[in-house]
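The following note sets out several points on the model for a colleague's consideration. They concern helix packing, the contact between chains and the confidence of the prediction.

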Amino acid sequence: MADAVAAALPLIGKPARSAAERQEARAALVLSLPAMVLLFVFILLPVAVVILFGFTDYELGYAGFRFVGFDNYTELFTDRTFRSSLWNTTVYTAIVAPISIFMALGLAMLIESENIGRSFFRTAYFLPVASLLVAMATVWQYLFHPTIGPINALLALGGLPRPNWLGASTSVLYSLSIIGIWQSVGFNLVLFLAGLTAIPRELYHAAHVDGARSAFDRFRLVTWPMLGPTTLFVTTISIINAVKVFETVKTLTEGGPNKASEVLLFTIYQEGFVYLKVGYASAMTVVFLAILVVLMFLQYRVQDKQVHYS
Amino acid sequence: MNASAFTLGRAVRLSILIFGAAIFLAPYVFMVSTAGKAQSDIFSSSLSLIPQHWSYVANFAKALTRVSMTRLLFNGVAVCALIFVFQVMIAIPCAYAMAKLKFRAARLMMVLVMLGLLVPIHATALPLYVAFDRMAVLNSYFALVAPFTISVFGIFLFLQFFRAIPDDLIHAARLDGMSELGIIGRVIVPNAWPAITAFAIFSVVAHWNDLYWPLIVVSNQTYATPPLGLLYFRAAEAGDDYGALMAATLIITTPLVAAFLLAQKRFVEGITMTGLKG
């Protein structure tokens, strides 16, 4: 993305411009006007307003509001629900992002080196990405059902303990993580497959000539460095998507039991759109947005330092 | 590597892949199987995949009568189609201007697009909800579609793609007396189908699955999209009637899954293109 910004720079016009150039500039403004107006109305202005709301005690249904400075933010730090929500989101992300990245990378390498059933495997692992998550969450709820669910029926056959997957506060976050991993592996897998296909075969031969005999050496010396940009992108998008977990929580647990699956977007949704505490929920939204900005900033930093092979 | 050689390594590799695929597909198998089971089957034998009392008709009848599935699917298609058409009509001219025309504001616009890429609907939802509530437009297609008519991601994707279209093509069209809109319609769009298809897949998958925004602006079944409708169905179907629930999930999941299975190659290309360009 940094390249794109840099590439846009030479587009600035020279001071003295001909009639044709002025006409071109006018046409460009007309063509981009609808997009820019909508960008302002639906993205920039709402973000500015959400920051502003964050400093007020605005509640929908009440006439006015007053500015309360940083009160909302100080309240956030002592709010047990918000703190557990931040913590749960962190735990969920720390489980789902790494596992779905490495599982996808491993599966992609297995599929890439196998010459039968490639498209079958790709389809099988990608199917969850194309499925309606709310619907599939309902299916998982049945699979996880403590008494009539197939998973516990299977565990019972093996004489293993049968957890109350989504119903116990100790296991609910892990159960949601399983669904999250199942849902996101296919997306990462397809990106890794594209990255693997783009690696020139000669590099493996060269590495072989240079003494990289074992599969692990080939991975360490060729595959991993060549996949660098793909891995960085997959990592960023996996973390961001995990931070944005909402559908499964809303459908299956409503943040429970005992707030054990309360996650960031669900808390914002509850405070803002159910309790209508717009000011307070706006402060939470600002925290959420700040997390996204930090993540993107980290991606840029890593990207700039990364060695480019292409 | 010899295709017919069956080494130990290959056997291990294939077993891992097959085992993994079985786990990933298991939810679908149980969904189809349970959608045909009677309540008694569901409670007694959860591991047998073939229903003992075939109840597909009864379960589907329940799923279709409690919530109007045709209404949900129609809303889903209408909302996704409207969003996509507006996104493309608004993003393409802007991306063309930024990629191929010289003007002073281009640099500022690039910065705005980059900023816009950071902001998901979850961050803008509160002010938009307050504004839509004031304008009394909640519960309408307008509320469902309007915030997504601008896709900064679309602008970004098309911009990258348009840069690769040779300037000569555009100069030639201009010499033929074509207007800028004519160039977009007759030179740019015909050359940009791969990008447009990729974006269509990205956009439809995102908005077909979105629950957050419809949940906020819609509060009755008339305008419910598939994910929201399924939530209503779950609420109406309290308890453990998993037969009917699975029938409903099957009906709602099928359209996009079928589209994916039919146009797999395009899907994968689309995800790769929209993914890697981001």
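**Notes on the predicted model**

1. H4(A) and H1(B) are oblique to each other, because an angle that is neither under 35 degrees, nor over 145, nor from 65 to 115 counts as oblique. In this predicted model, the axes of helix H4 (residues 80-113) of chain A and helix H1 (residues 8-34) of chain B cross at roughly 125° and come within 10 Å. The crossing of H4(A) and H1(B) is left-handed.

2. On the H4(A) side, the contact is formed by A:Leu107, A:Leu110 and A:Ile111, and on the H1(B) side by B:Arg13, B:Ile16, B:Leu17 and B:Gly20. By class, the residues of this contact between H4(A) and H1(B) comprise 5 nonpolar, 1 polar and 1 charged.

3. As regards the two chains as a whole, 82 residues of chain A are in contact with 84 residues of chain B. Helix H2 (residues 19-53) of chain A supplies 20 residues, the largest share of the side of chain A that touches chain B. The residues on that side of chain A divide into 64 nonpolar, 11 polar and 7 charged.

4. On confidence, chain A has a mean pLDDT of 87, with 93% of its residues at 70 or more. Residues 1-9 of chain A, by contrast, have a pLDDT below 50. Beyond near neighbours in sequence, this stretch of chain A has 11 contacts in the model.

Notes: Residues are numbered from 1 along each chain as its sequence is written. Chains are lettered from A and ligands numbered from 1 in the order in which they are written. This is a predicted model: local features need pLDDT of at least 70, side-chain atom pairs count only at pLDDT 80 or more; totals for chains, interfaces and linings use all residues. Axes are lines fitted to C-alpha atoms, for helices over the stretch in contact, and angles run from 0 to 180 degrees between N-to-C directions. Helices (H or I, at least four residues) and strands (E, at least two) are DSSP runs, numbered from the N terminus. A crossing is left-handed if the near helix is turned anticlockwise from the far one by less than a right angle, and right-handed if clockwise. Two residues are in contact if their C-beta atoms, placed from the backbone, lie within 7 Å. Ala, Val, Leu, Ile, Met, Phe, Trp, Tyr, Cys and Pro count as nonpolar, Asp, Glu, Lys and Arg as charged, and the others, Gly among them, as polar. pLDDT is the predictor's confidence in each residue, from 0 to 100.
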